[in-house]
Amino acid sequence: MRIAIIACKVFFRELSLIASMSDNLVDIFFLKQQLHDTPKILYNTLDETIKSIENSHEKYDAIALAYGLCSNGTVGISSKYKLVVPKVHDCISLLLGSKDKYDYHFNNNEGTYWLSTGWVERSTLLLDETIKNKYEEYIELYGEDNANYIIKELLGFLHNYKYCSYISWDEFKSIDSKFIELSKEFARFYNLEFNIVKGNSSYLFDLVNSNWDEERFLIVEPNKCIQPSYDKEVIKYI
């Protein structure tokens, strides 16, 4: 099959590895990370990318999205091509290997901030020197405990998090150590409890290799629109 895959750059290493070994002919269109923070922008960017693929001289059997519902950013998306979409809320299920595994961790470790190779490489929270400089200034002025409190106040969304979990794939054992160290630094900086969770490549592998069972993937017929289903299926089409 010839498949166009539209994906967040958070999957750059994972999808590049899988595509390099696929029997399918795969073209991947990577989009800027963190578009899900502004769902309308994510929708517009996906829509523009799909239209660009439709209008290109290349012909595909399907367009696959390495996105889930993603803060409703995919709601309303349609194509002249058949669309394939994982039945997940966001990228974490895809990195862990299943929605069930994500649900297990969510129920047992509520308040987890997830990291992976892509999140470590591309997250502004790990790279923002302004925040780090402020933190050091606050330690000097107010002490470490107060500095931690002030930083978390400035970054209000972190109030919802207690844990920091790095998703480790067996395929990246040779390079994992540097990402794990940066993740540990992130967890220390934001005063989160750190742990490593074993991920699995099977979900993304099956997305790339057209193993699209109905339990895990929504097959959207041409010119139909993605919609939330508000149940365990996560998404549907109309």
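Gln34 is found in the loop between β2 and α2 (39–54). The model discussed here is a predicted one. Gln34 has a positive phi of about 70 degrees, although it is not a glycine. Most residues other than glycine have a negative phi. The relative accessible area of Gln34 is 23%, so this residue is partly exposed. Ser71 also has a positive phi, near 55 degrees, and is likewise a residue other than glycine. Ser71 is found in the loop between β3 and β4. With 45% relative accessibility, Ser71 counts as partly exposed.

The strands that flank these loops belong to an open sheet. This sheet has five strands in the order β2-β1-β3-β4-β8, and its pairing is mixed. Strands β2 (25–31) and β8 (217–220) form the edges, each pairing on one side only. From one strand to the next, the twist averages 20 degrees. Strands of a sheet pair through backbone hydrogen bonds, either parallel or antiparallel. Strands β3 (residues 62–66) and β4 (residues 83–86) run parallel and are joined by two bridges. Ile63 has Leu83 in β4 as its bridge partner. Helix α1 (residues 12–20) lies across β1 (2–8), β2 and β3. The direction of α1 makes about 170 degrees with that of β2.

Attention turns next to the nonpolar interior. In soluble globular proteins, nonpolar side chains tend to be buried together. The largest nonpolar core holds 73 residues. Ile6, Phe11, Ile63, Leu65 and Tyr67 touch the most other members of this core. Strand β1 supplies the largest share, six residues. Ile63 thus appears both among these core residues and as the bridge partner of Leu83. Leu65 has contacts well documented by residue. Beyond its neighbours within four places in sequence, Leu65 is in contact with Ile6, Leu46, Ile77, Val84, Val85, Pro86, Leu207 and Ile226. One of these partners, Ile6, is itself listed with Leu65 among the residues that touch the most other core members.A second open sheet has three strands. Their order is β5-β6-β7, with parallel pairing. Strands β5 and β7 (193–198) are the edge strands, and each pairs on one side only. The twist of this sheet averages 30 degrees from one strand to the next. Four bridges connect β5 and β6 in the parallel sense. Within this pairing, Tyr113 stands opposite Cys164 in β6. Helix α9 (residues 176–189) packs on the sheet and touches β5, β6 and β7. The direction of α9 makes about 170 degrees with that of β6.

Two residues of helix α9 were examined individually. Asp176 is found in this helix. At 5% relative accessibility, Asp176 counts as buried, because the cut-off for burial is under 20%. Leaving aside neighbours within four places in sequence, Asp176 is in contact with Tyr166, Ser168 and Trp169. Asp176 and Asn107 are 69 residues apart in sequence, and their C-alpha atoms are 26 Å apart in space. Leu182 also has its place in helix α9. Leu182 has 38% relative accessibility and counts as partly exposed. From Leu182 to Gly68 the C-alpha to C-alpha separation is 27 Å, with their positions 114 residues apart in sequence.

Aromatic pairs were then searched for across the whole structure, and eight were found. A pair of aromatic rings is described by the distance of the centres and the angle of the planes. Tyr113 and Tyr161 form an edge-to-face pair, with 5.2 Å centre to centre and 80 degrees between the planes. Tyr113 lies in strand β5 (residues 112–115), whereas Tyr161 lies in the loop between α8 (144–154) and β6 (163–168). The pair therefore ties together parts that are 48 residues apart in sequence. Tyr113 has 10% relative accessibility and counts as buried. Tyr161 is partly exposed, with a relative accessible area of 26%. Ring pairs link Tyr113, Tyr161 and Phe186 into a cluster. Elsewhere, a charge meets a ring. The charged end of Arg216 sits over the ring of Tyr203, 5.3 Å from the ring centre.

Conventions:
Residues numbered from 1 in each chain as written. Heavy atoms only, no water. Pairing = 2+ DSSP bridges. Axes fitted to C-alpha atoms, helices over the stretch in contact; angles between N-to-C directions. Contact = heavy atoms within 4.5 Å. Core = buried A, V, L, I, M, F, W, Y, C linked by side-chain atoms within 4.5 Å. Buried < 20%, exposed > 50% of the residue type's maximum accessible area, 1.4 Å probe, protein only. Phe/Tyr/Trp six-rings, centres within 6.5 Å; stacked < 30°, edge-to-face > 60°. Lys NZ or Arg CZ within 6 Å of the ring centre and 35° of its normal.
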